[in-house]
Amino acid sequence: MIEVALLLSKGATCRKVEAGEVIFSEGASPLYYYQLVEGRVRWSNFFDNGKETMHWLVQDGECFGEFALFDGKPYVASAVADIPSTVLRLSADAFHELLAENHEIHLEFSKGFARHLRFKFMFIRAMGSNSPEKMLKELIDYYTEEGKHVCKKCRRLMLTRQQLANISGLRVETVIRAMKLLQRDNRICIVKGKVIV
């Protein structure tokens, strides 16, 4: 979202996090802007029964947790490193100063919010169908169109069945059955356990 050099010039610090490390927790106050340099971060809610609802799988260059910086309210989800990652962290005050000085960056955040909302509306519509196959196909189509979580060379979906379950709210077994039905209907291809779109 924001050039690394600009973030560093405003006082951002670089932080290495290990897989499974919590970067911020749901309910915490938003003190920093976070941007992923490399690695992968899950933006999720975790429940007492061990269930996880994943809202976003953050890729290199993307920011996360930024919503809370705009309304000043606590984080509504937690950010956890999925693999060893490098994260840039900029204080909330410096972030707001940066936005005030760079209207084009502020506009990009507005566009990002619109994309997130569009995704949520699309997915809620798909959930209303009560069809796991439709939900997963809509999700896969969205990621393919956006160029996220799909290998550009081989068109392999870069999400595990567990991750698809965490994103969709379905059980892993339901995801597996739905994927087999999508393959049977020639809507996806499964080769050696890998989903090709």
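1. Let's start with the sheet. In this predicted model, four strands make an open sheet in the order 1-8-3-6, and their pairing is antiparallel. Strand 1 (13–17) and strand 6 (63–64) sit at the edges; each has a single partner strand, so one side of each goes without a neighbour in the sheet.

2. Now zoom in on one pair. Strand 1 and strand 8 (residues 85–91) are joined by five bridges, running in the antiparallel sense. If you want a spot to look at, find K16, which stands opposite T86 in strand 8.

3. What packs on the sheet? Helix 3 (residues 92–101) does, touching strand 3 (32–38) and strand 8. The direction of helix 3 makes about 75° with that of strand 8.

4. Next, the inside. The largest nonpolar core has 42 residues, and I23, F64 and M179 have the most contacts inside it. Helix 5 (residues 132–146) supplies the largest share of this core, six residues. Another core, of 15 residues, lies apart from it, with Y33, L69, L98 and L99 among them.

5. M179 deserves its own point. Setting aside neighbours within four places in sequence, M179 is in contact with L136, I140, L157, L164, I188, I190 and V195.

6. Last, helix 4 (residues 103–127). Its 25 residues, at 1.5 Å a residue, should span 36 Å, and the end C-alpha atoms are 36 Å apart, which agrees. Which residues of helix 4 are buried? They are I105, F109, G112, H116, F119, M122, F123 and A126.

Notes. Residues numbered from 1 in each chain as written. Predicted model: local features only at pLDDT ≥ 70, side-chain atom pairs only at ≥ 80, totals over all residues. Heavy atoms only, no water. Helix = DSSP H or I, 4+ residues; strand = E, 2+ residues; numbered from the N terminus. Expected span 1.5 Å × (residues − 1). Buried < 20%, exposed > 50% of the residue type's maximum accessible area, 1.4 Å probe, protein only. Core = buried A, V, L, I, M, F, W, Y, C linked by side-chain atoms within 4.5 Å. Contact = heavy atoms within 4.5 Å. Pairing = 2+ DSSP bridges. Axes fitted to C-alpha atoms, helices over the stretch in contact; angles between N-to-C directions.
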